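This report concerns charged side-chain pairs and one threonine environment. The sequence and the structure are shown below for reference.

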Amino acid sequence: MKIIILGAGQTGSALAEYLVTEHENDVTVIDEQQEQLQSLQERFDLRVIQGKVSYPQVLENAGADSADMLVAVTNSDEANLLACQIAHSLFNIPQKVARIRAVEYSDERFQLFTPENGIPINHIISPEKLITQHISQLIQYPGALQIASFYENKVYLVAVTAYYGGALVGSELSELQEHLPHVDVKIVAIYRQGKFIRPIASTIIEAGDMVYFITEPSNIKAVTSELQRLEKPYKRIMISGGGSIAVSLAKKLENDYQVKLIERNAQKAELIAENLTNTTVLHGESADQELLSQEQVELTDLFIAVTSDDESNIMSSMLAKRMGAKKVIVLIQRQAYLELINDSVIDIAISPQLATISALLSHVRQSGVKKVVSLRQGTSEVIEIVAHGDKETSKLVGRTIDKIKLPSGATIGAIVRGDDVIITQSDLLIEDNDHLIIFLPDKKVINEIEKLLKT
């Protein structure tokens, strides 16, 4: 594909790396900052153009008249919107994807991105919405460290850490079926001290293992309880930050939980308080020990730091944990910080860049790839693909799972067929229009998966 990326920041650069290293895509990156472009050009086989992303001449120089796709991920929503409009009106680029941060643009009352209203963007990606949804799912399933849903939320991938007290810890995986005879689940990966282990029936689960499993949502808590003592549902939640993520989270949670929100700006705190009905809005610094003590942070079940400042998020959450908060979730923008806090007291770190990349890859991958979720700081993936054809035309349809040549370590965890979720066995026959959920320990093998989709 011939793809133009607008913006050479963290997201644009990461996407360019994915597209260039995974495929022989023709990638051009446009940005105003020469330094960022030069860094990209030195590392990857791609074109770079310095200039304003919305200038027609700049887009023309980038080859917009023959591009298959434009991906707008600059830091300006307005620049992204305008560039997509010009890409459509002047160059007729067929696929346009834009990152739009401001929730005001996606207000459903205005339906801004419908064909009738004339802003021709095929796919809108909102990091704020993605993060809010992800944190909400983590709150719904205490104990989960990562969670992702596929095919209309019919099937989930969940990551949990195995601890002493879990019924399966110290036992072979084969015993899971004995413990939960009426629960369909597939353990697709185990990471022990950071190293991938492909699960087989005789694999023994050890305390400290990170276990990834695929199942229907109604089974998540039962499977989690096999790997650790099931945590009590959260009641008291404290949110640090007053941005769109913090406010939308509070709005989503305030009727079911006791929610407190801390905002450092007095005027902003007042405005937030007017928009929330059951949330206690506090004016102050979330890293203020006296404030946290006064608000009884030691009784908090979950402390969520989602300001735009990585350092503030890390410091406030570490302080909250030290003062007795049971669990902390932290939003972290910088990749270097994500790697640094791996062994810290922080329970869950969430990267908006990784969430955005996952959403982008779902749209730029080959036809047949419906959803992509990046895991483990982008090194692994879970993908949803659709099998089409018959035994003569397809490398998947009409074959049992044990006859499919999957890359090393890759596992088909589940198949969704109509309304049915089928946890896979080796003799399961794949049918036309089956949705396959596949775990890839190494994202670099995506080429081999996409070859299976070709008819």
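A salt bridge is here a side-chain nitrogen of Lys or Arg within 4 Å of a carboxyl oxygen of Asp or Glu. Side chains of opposite charge can pair when their charged atoms come close. The model discussed is a predicted one, and it holds 13 salt bridges.

**Salt bridges**

Three of the pairs are listed with the distance between their N and O atoms.

| Basic residue | Acidic residue | N to O distance |
|---|---|---|
| Lys 154 | Glu 152 | 3.1 Å |
| Arg 192 | Glu 206 | 3.5 Å |
| Lys 326 | Asp 301 | 3.6 Å |

Lys 154 and Glu 152 approach to 3.1 Å between their closest N and O atoms, and thus form a salt bridge under the 4 Å limit. Glu 152 has a relative accessibility of 62% and therefore counts as exposed, since the threshold for that class is over 50%. The pair also belongs to a network of salt bridges in which Glu 152, Lys 154 and Asp 419 are linked.

The side chains of Arg 192 and Glu 206 meet at 3.5 Å, N to O. This salt bridge links distant parts of the chain, its partners being 14 residues apart. Arg 192 belongs to strand 9 (residues 185–192), whereas Glu 206 is located in the loop between strand 10 (195–197) and strand 11 (210–215). Arg 192 is partly exposed at 22% relative accessibility, and Glu 206 is likewise partly exposed, with a relative accessible area of 38%.

In the salt bridge between Lys 326 and Asp 301, the closest N and O atoms are 3.6 Å apart. Lys 326 is found in the loop between helix 11 (310–322) and strand 16 (328–331), and Asp 301 in the loop between helix 10 (289–294) and strand 15 (302–305), so the pair ties together parts that are 25 residues apart in sequence. Lys 326 is exposed at 52% relative accessibility, while Asp 301 is buried at 10%.

**The environment of Thr 132**

Thr 132 is part of helix 5 (residues 127–140). Its relative accessible area is 7%, so Thr 132 falls under the 20% limit and is classed as buried. Within the chain, the side chain of Thr 132 reaches the backbone oxygen of Glu 128 at a distance of 2.8 Å. Leaving aside residues up to four places away in sequence, Thr 132 touches Ile 245, Ser 248, Leu 249 and Lys 252.

Technical notes
Residues are numbered from 1 along each chain as its sequence is written. This is a predicted model: local features need pLDDT of at least 70, side-chain atom pairs count only at pLDDT 80 or more; totals for chains, interfaces and linings use all residues. Side-chain values use heavy atoms; hydrogens and water are left out. Buried means under 20% relative accessible area, exposed over 50%, partly exposed in between (1.4 Å probe, protein chains only). Helices (H or I, at least four residues) and strands (E, at least two) are DSSP runs, numbered from the N terminus. A polar contact is a pair of N or O atoms within 3.5 Å; within protein, one must be able to donate a hydrogen and the other to accept it, and residues adjacent in sequence count only if both atoms are side-chain atoms. Contact means heavy atoms within 4.5 Å.
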